[in-house]
Structure formats: structure tokens, C-alpha cells
Amino acid sequence: MMTANEIRDSFIHYFKGKGHQIVPSAPMVIKDDPTLMFTNAGMNQFKDIILGNQVAKYTRVSDSQKCLRVSGKHNDLEEVGHDTYHHTMFEMLGNWSFGDYFKKEAIEWAWEYLTKELKLSPDLFYVTVFEGAAEDGLDKDNEAFAIWEKFLPQEKIINGNKKDNFWEMGETGPCGPCSEIHMDLRSPEDRAKIPGASLVNQDHPQVIEIWNLVFMQYERMADGHLEDLPARVIDTGMGFERLCMALQGKTSNYDTDVFQPMLQFIAKMSGVAYGHAEKTDIAMRVIADHIRTIAFSITDGQLPSNAKAGYVIRRILRRAVRYGYTFLGQQQAFMFKLIPVLVKEMGGAYPELKAQQTLIEKVIKEEEESFLRTLDTGIKMLDVQIQATKAAGKTILDGTIAFTLYDTYGFPFDLTELILREQGMTVDQAAFDAAMQVQKDRARNAAHIDTGDWVVLEEGTSTFVGYDYTEYETSILRYRKITQKKKTLYQLVLNQTPFYAESGGQVGDTGVLVSESETIDIIDTKSENNLTVHLTTKLPKEMQVPMMACVDTDKRSASAANHSATHLLDAALREVLGAHVEQKGSLVTPKSLRFDFSHFQKVTDEEIRQVERIVNANIRKNIALQEHRNIPIDEARELGAIALFGEKYGDEVRVIQFGDSIEFCGGIHVQSTGQIAMFKILSESSVAAGVRRIEAITGAAVEEMLYDMQDKMNTLRGLFNNTPKLQESIKKSIEENAKLKAQIELFMKEKASHLKQSLLERQEEHDKYTLIKCVGDYPADMIKDIAFQLKGDGLTNLLFVAGTKAFGKPMLTVMATDDLVAAGIHAGKLVKEAARLIKGGGGGQPHFATAGGKDAAALGAAVDKIIELVDQTL
């Protein structure tokens, strides 16, 4: 029986023999495509080639791509663990042709690989072909049907509808018919009872799609019509885990050697056997699946967080923790203990797992502990709501409360249901769903972008010249309109551009397009599918005239200084803290820089100062930039260039070198370090377990900070009569202030004691209670202390009413002893009613309440009102 690693190798070897270039998996986390957060298909890394934005270096390509499907169109998250074949993270085996072979070779090679190379029985297979779509003017894919007829009888070639057999990248873009290969893995007895053809695409766990052959030959335009692609593309994707299931004779992906080592470890750790009960089996499958997703995301540079891709990863991790907590009794962090097993099983194919094992474990452990605290808090909050619901004589919890627990506090809805069930209660599911839908609609409307078709003015490709120029003569190749949040912008593509598109943490350039008749502001520059896109608020009146593209050089220079400073900072951190330091993210703007890096403890003040000294020393050395442009990646590695985990590099790369600082980088930099001028760290903090963040400034920003500090110091020195010994004077002032404060506190206590005694001596006896009344200028804290002292003195039938003023603000205070409360007195209601007289409001508990207002002159009337209300009640 072939192992999973042997199966992966066999696929790669087969297509290498068919003249395919074998390429590595792209990162699972996508950083340069605004339409995607994660790689959800093998074709993602070739999207720019398919769109025609980049010329294919190889016309035949094959790989095994790590993918993640949890959100958007391909949302499989809630199915994961409950069935035997859906996953969040999975491997996609694929082969591509860019303008080379098409349907004939794609189908013949797929069949040959499955039946000849892997020796799977032809009797197990069914295939689908596109049946056509009248609304698009498309006929049935008779070409694919005819090719399949050479291998399968007609009854095993099934017509598929547009939903299943016409693949589209999105609402617009490349698309085309596809042909799915399905396998019937049922027993011979079951296959004899029910024909497999009737179970294709019916979600049967043993009749499953294993390979999809996509024949891209059209482009969907914004108005919905189709146009032929200039170069046809073959894009195939086969589920690796499903293939392993078929070859290893299993009926579940989780029974293969892809998952079994992890499942057995979880079973041993929890003391619950896998296969013992459905609920615990589901929990184990969820955990075994999700740990792969979380670990690979962290290696690709995506840490759990509360925003975008980071939120998705946090949600997946919390789902796994919740299943372990609820069904496997895991009350403490446990997911991080699974990483050594994952590294052992997959570290050979993906060495980045082993390289970052310690970081992965620390991040996951901290996330688990944080969520377990959330669960504890949520359970306590839910208990309060349960008691309140029961007290109201109800057994159904308000769904909006359950949604608040879920949305605001991260408390899982199904755990709410479980706890309520144990209390003989339910939750209003409809109200919860309604609140959830409102949130989804709000998020969808905020994120939705209406994108028009490209209007092509001139054929050609865009060339970036910004490494050498900040002004360049250009023309517009194409443009389109986009609308988001009722705001209209335009995207322009230039034939040659000096504008740097946002990438690698560095923000995009701004500037202007200038023609003889007008100037158009470029407000931002983005990279979309390897295409530099310039954003404007309006289109030029004359679209097809020569223009000068001019970058804002002040902002460009400031960004370049901050970017080069991050390289010097990275090298200095390695020198001071150790070689374990690795970049985990950055943000470079004209104003400042931010640098995230791996380190497992707070950087001390002494270490920060040491790093600053090293960086500034290298700035003063005025080290010249050594740019190695378009060099082979192996040559770059020989130079000692540092690559970042989670980045996709081509065969040729750019390397930036400032002395001993050597890094892969495509960004804009200074020509020598002296142009940075000066470097200053503003803060150092924690981003996640094992990841620290430094925020810093350079150049003119440091100069302005020094002026600001000098001005503040001069002001401070002036407050102390310009003493030359400012530190000693401040220290002396603080000590004197502390002594005076202590004396004042003692004085106030004595004053309060005297006031209390005076009030007791002037107490008034009413028919059913004793009244102590206080009116005057007294601090609110003093009056509150006296009220509680009186209550604690054991006096009976005592009512304390105060109308006081402090710093011009009136305050009402009422305290009633427990026996008066039992007789019907409610301090909160009394002050609420009387506060109207002082033009204010307030409230509180039955035994104590306060209210503030605006009209101090009416305090006496308000106190009298309270007494009147008490007399009426008693």
C-alpha cells in the first residue's frame, strides 16, 4: 500500500515525465490579491498568467498546493469533522497548461495516471461533462464527451449543469466548462444495489469527486456576456486526501495515514478511543483537521487576530478548542501539544513547519489559554442570563443575548445551546439568526466592490521603472471604474510607470499624471495579480495622449528611508537578540515604520538602546546600497540573503544589501544609509505569543520629536524656576506633594468624623423613622463614607438624606437602613424623583442611591421632597 508521501511523489513524477515544470507550493496566506485572503485552489498562484497580466515562463506546470477553504464561495468549515471528506486545509495536486495542450491531453493523461500509473480499477469511475447553458449561448461540451467515450461507456459519462460543470473564477474573469472525475468507493454489494451514476454529486460519502479538469476558454465580462480567452488554459485539481483514501482502501479521509497518526495521538491524550462514539469522533476529526490549518497559516506569516485573515484563523482555532473542551474534557491548553506529531508527518514535504515549530507552539498555546478564559467568562455571563430568564418565568433565552455572547465575547452559539439544554431551556434561534444576518449584511455591504470591465485603449504590458526613475513619460493602456461604499474611483494601467505599488509592507506611491491640458492626482498605487494599478478620483479628459507620471518624491523618499531602516533594524535585532529573530510582518509609510519579529520575551530598555546605537552607527557610516536586480535565486542564497517565510519567490529575485544586511526585497530604498539621517524607536510591544513589534521613526520625524521634547523640557524647567537640577527638584516636589496629600487625607477624615458626630447630635425623630439631614458644601466621597458608616453602626429605622455641593455641582445622597427598605423605602426611586428639582438624574439600590444635577439652588427643596415622599410611604 502506498503511503501519502509516496502518492504525492508519484503525481509529481508522472507529470514531470510529461514535460511539466515542477513548482513549489505557494503560501497558503495571500498577501497581494485584494479578492482573496487564502489560497483556495491550485490556480491562485497562476492567476496573473491566466488573466494575461504576466507571460508564462513555463507552458506546462505541476505541483502540490496547500489550500484553505473556510469563507466566501468555498465555505466548508461547518461540514469539517461531521463528514469524512471535507477539510479546511487540504493539498491540491494539479497540472496546468498555458496555451499549450488542451482537453485531449488533459483527459487522456488523467485517465492514464489513475488507471495505469496507480492501477485503480476503471470500473470505479464516473465522469461529468458540461451539458450546456442556453442563457450563455453555450452548447454541450461534445468535445470532452467524445474523448471520454474512448475510456468509458456512455452511461458513465454524465451531463453536468452549470453549477457543477462550468467553473468561474468569480463574478468576472476567466471561466470555462469542466469535467469532474468521480470514484465509487462503495462495497461491491452496495454498487450492485444502486447504480453509482445516480449518486454522483449527491453528497454521498463514498461516491466522491476526486479530480476536476477545468478547460478555461472564456472570459466573463461585467455585463455577464462571454468572450473567448486569447490563450486557452488547462487547470486541473485533484484532492490529495481523497486520492489517499481511494488508494489505501479506506472509506474516510481520516482513516488514511494523512490523519491517523494525529487522531491516535489525540485519542491517547484525551483517554477516548477513536471510533468509540460519534460525538467524540467528530471532535477528534475537527481537531486533527484544524491543527494543520492553524500551523501552516502561522508558518506563512498569518497570526491569529481580530481582523480579516487573522480572524479566520482565530475562529478555526477556537472551534477546535471548543470541541476539545466540550467533548474530550480538555479544560487546559492542548492543541500546541499536537505540533510535534504534525512536524513528524509533514515536515519532510514542508520544511517550514520544522523551522518554525517553537513559534507555532507558543502562538497556539497562548491563543488557547486566552480562549479558555473567554469560555470561563462566557459561562458566568450566560449563567446570569439563565437566572434572569428563569426569574421572569421563561424557558427560552433571548436570541439577541446569545448573539451578543457570540459576537462580542466569542462564546460559541452551540455551547450556549448545550448549557441551556442542561438547564431545561432553549434559545430563540430565529432571533439569533436575524441578528447574525444583520451583521453579515453590514459586513457584505461594507466590503462589496462593483468593478467594471477593463476598457482597453492600447495593447501592451505594463513595465515598472520606479527603481531608476520618479518621473517617466507614459500612456494609459486600460482603465476601469470601481465603486465601493457609494464612492467612485478609477483604476489606470500605464504602459510604463515609476509608481511603486503597495507590496512587502511598503505603502504605494502617490503623485500626479500630467498632460499638456490637465493634471490628475494619483491617490494610491496597488498591485493586483501582478498588475500595477493607479487609483484616481477622476479620469483624464483626454485618455490617449502622452503623459508624465510623476511620483511625490517627498513621500517616496520618506518611505524609502523607513524601508531601509527596517533592514538595518532587522540586522541589529539579530545581532543583539540572536539569530532566532525572523521578520513576521512590517508596515512602511512616509511617516513611520513598524516591524514585527519572532522573540519570546520583552526586549529590555537596554537592548532597545543597543539596537538603536547599532542602527544609527550604520546610518552614520553612509553605507552605499548594493542592489542585485534579477539574479537567480540560488545566487541570492549564496550571498546570504534572508528570505521570509510565507513569501513566494520566483526563479529570479532582487536582493538589497547594506553592508552585512542582505535581504530579498522588491521595495524602494535609499541610495546610502546616510539618507536615513537618524533612527529612533518609539515603542516595543507584544503582538502574539513569541512575536514582538517595534514602531520607529527616521529622519525629519526624529528631528521634530527632538524639538517637541526640547520644548516640553524647557516648559517643565520653567515651572521649577529654570533650576539646573531639574530631576532633583521634581523628585523633591513629588515627595512634598505626597506628604501634603497624606496630611489632607488625615484632615478630611477628622472633618468627616466631626461632621458625622454633629449630624448625629442633630438627628430628627419622625413618627416611624429617625432622620439625619445634611446640607452644605462637602465632597461626595466624604458624604458617601458617612452614609455607609451610619448604616454599619447598627442603627435602626434610620434615613440619611444629604443635599451637598462640591465645585459648584449639586449632589443628592440617600441611605436607608434595611428595616426601612423592608417597609417599602427605595433610595433609588427617591433620588430619581427629587433629582428633577435640581435639573438632573440618578438612581441606585434600595438602600443607597445618588443623583447629580445642575441647579444647586434647589438642593434644599430636593431634600424636602425626599422627606415628603418618605413620610407618604411610611
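**Exercise 1. Identify the residues that make the nonpolar surface patch of about 270 Å², and classify one of them, Leu 706, by accessibility.**

*Solution.* Step 1: the patch is made by Met 678, Leu 706 and Met 709. Patch residues have over 30% relative accessible area and no salt bridge, with nonpolar side chains (Val, Leu, Ile, Met, Phe, Trp, Tyr) joined within 5 Å. A salt bridge is a side-chain nitrogen of Lys or Arg within 4 Å of a carboxyl oxygen of Asp or Glu, and areas follow the Shrake-Rupley method with a 1.4 Å probe, only the protein chains shown counting as cover for residues.
Step 2: Leu 706 is found in helix 20; helices are DSSP runs of H or I with at least four residues, strands are runs of E with at least two, and both are numbered from the N terminus.
Step 3: Leu 706 counts as partly exposed because its relative accessibility is 40%, the classes being buried (under 20%), exposed (over 50%) and partly exposed in between.

The model is predicted: local features need pLDDT of at least 70, side-chain atom pairs count only at pLDDT 80 or more, and totals for chains, interfaces and linings use all residues. Residues are numbered from 1 along each chain as its sequence is written, and side-chain values use heavy atoms, with hydrogens and water left out.

**Exercise 2. Compare the expected span of helix 21 with the distance between its end C-alpha atoms, then locate its buried residues.**

*Solution.* Step 1: the expected span is 1.5 Å times one less than the number of residues.
Step 2: for the 36 residues of helix 21 this gives 52 Å, and the end C-alpha atoms are 52 Å apart, so the two agree.
Step 3: Leu 726, Ala 752, Leu 755, Lys 756 and Leu 759 are the buried residues of helix 21.
Step 4: these pack against helix 20, strand 32 (770-776), helix 22 (780-792) and strand 33 (798-806), contact meaning heavy atoms within 4.5 Å.

**Exercise 3. Describe the backbone and setting of Asn 721 and Lys 839.**

*Solution.* Step 1: most residues other than glycine have a negative phi.
Step 2: phi of Asn 721 is positive, near 55 degrees, and Lys 839 has a positive phi of about 60 degrees.
Step 3: Asn 721 lies in the loop between helix 20 (699-719) and helix 21 (726-761), whereas Lys 839 is in the loop between helix 24 (827-834) and strand 35 (841-844).
Step 4: Asn 721 is exposed, with a relative accessible area of 72%; Lys 839 is also exposed, with 58%.

How values were computed:
Buried < 20%, exposed > 50% of the residue type's maximum accessible area, 1.4 Å probe, protein only. Patch = residues over 30% accessible without salt bridge, like charges linked within 9 Å, V, L, I, M, F, W, Y side chains within 5 Å.
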